[in-house]
Each structure stands twice: as C-alpha cells, then as structure tokens.
Amino acid sequence: MAEIPLYRYGNLPEDYIPAIGNNRNIEVPIGQRCGNCSFYDAGYCDKWNEMVAPNYWCPSWAKI
C-alpha cells in the first residue's frame, strides 16, 4: 500500500492528518474529515485560515 502524503501548511495543527490510512497511529473518528466539518468552506478551513484537503482531519473537527 502506498503511503499517503502528509500535506502541511503554516497554520494547521500538528495532528492535521489523512482521515484514512494515516501513518501517525492516530485513530480518526468514523465519518469525520475536513470535507464535512463546519469550518470547511470549498477547500479552506475557517478555523485555521488555511487551505485543506477534504479527506484530511484534525482534532478541531466540528459537526455541521
């Protein structure tokens, strides 16, 4: 299985990781990812003021 690249941008938290298949041994809650977070707006995270990938996750995930 190919390793999923870890995209890092300036303001994002250290635990910004792929929602599935991350290599950080962090268990992402089922169904949570940037693309269905209340802070997500067309590829931009209003919480962290950064571009994000829809299939990534961070501990700040919030229900829509």
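In what order do the elements of the protein run from the N terminus on? In this predicted model, the answer is β-β-β-β-β. Put as a tally, the secondary structure comes to 0 helices and 5 strands.

A few overall figures help to set the scene. The protein has 64 residues, and buried ones make up 28% of them. About 4,400 Å² of the protein is exposed, with carbon and sulfur atoms supplying 53% of that area. Then there is the matter of who touches whom along the chain. Taking the contacts with a separation of 6 or more, 48% are between residues 24 or more positions apart.

Now for the strands and how they team up. An open sheet is formed by 3 strands, in the order E2-E3-E4, and the pairing is antiparallel. Its edge strands are E2, covering 40–41, and E4, covering 50–51, each of which pairs on one side only. As general background, strands of a sheet pair through backbone hydrogen bonds, and they can do so in a parallel or an antiparallel way. Here, E2 and strand E3 (residues 44–45) are joined in the antiparallel sense over 2 bridges. One residue pair shows this nicely: Tyr40 has Cys45 in E3 as its bridge partner.

Cys45 turns up again when the inside of the model is searched for empty space. The whole structure holds 1 cavity of 30 Å³ or more. The volume of the largest cavity is about 90 Å³. Its lining consists of 14 residues, and those nearest the centre are Cys34, Cys37, Cys45, Cys58 and Trp61. Sorted by class, that lining has 11 nonpolar, 1 polar and 2 charged residues.

Pockets, which are open, tell their own story. The largest pocket offers about 160 Å³ of space. It is lined by 12 residues, with Pro18, Ala19, Ile20, Arg33 and Asn55 lying nearest its centre. The class count for this lining is 8 nonpolar, 3 polar and 1 charged.

Two asparagines are worth a look for their backbone angles. Most residues other than glycine have a negative phi. Asn25 goes the other way, with a positive phi of about 60° even though it is not a glycine. Asn25 sits in the loop between strand E1 (17–18) and E2. It counts as exposed because its relative accessibility is 79%, and the cut-off for that label is over 50%. Asn49 also has a positive phi, of about 55°, and it is not a glycine either. The place to find Asn49 is the loop between E3 and E4. With a relative accessible area of 45%, Asn49 falls between the 20% and 50% limits, so it is called partly exposed.

Finally, there is Ile64, which is found in the segment after strand E5 (56–57). Is Ile64 buried or exposed? Ile64 counts as exposed, because its relative accessibility is 73%. Even so, Ile64 has company from elsewhere in the sequence: leaving aside neighbours within four places, it is in contact with Asn36, Cys37 and Ser38. Take Asn36 as an example: it is 28 residues away from Ile64 in sequence, yet the two C-alpha atoms are 7.0 Å apart in space. Cys37, another of the contacts of Ile64, is also one of the residues nearest the centre of the largest cavity.

Notes
Residues are numbered from 1 along each chain as its sequence is written. This is a predicted model: local features need pLDDT of at least 70, side-chain atom pairs count only at pLDDT 80 or more; totals for chains, interfaces and linings use all residues. Side-chain values use heavy atoms; hydrogens and water are left out. Helices (H or I, at least four residues) and strands (E, at least two) are DSSP runs, numbered from the N terminus. Buried means under 20% relative accessible area, exposed over 50%, partly exposed in between (1.4 Å probe, protein chains only). Contact means heavy atoms within 4.5 Å. Accessible areas come from the Shrake-Rupley method with a 1.4 Å probe; for residues, only the protein chains shown count as cover. Two strands pair if DSSP finds at least two bridges between them. On a 1 Å grid over the protein atoms alone, a cavity is a set of points where a 1.4 Å probe fits but cannot get out, and a pocket is an open set with protein on both sides within 12 Å along at least five of seven lines; lining residues have an atom within 4 Å of a point. Grid points are joined across faces, edges and corners, and a volume is the space filled by probe spheres set on the points. Ala, Val, Leu, Ile, Met, Phe, Trp, Tyr, Cys and Pro count as nonpolar, Asp, Glu, Lys and Arg as charged, and the others, Gly among them, as polar.
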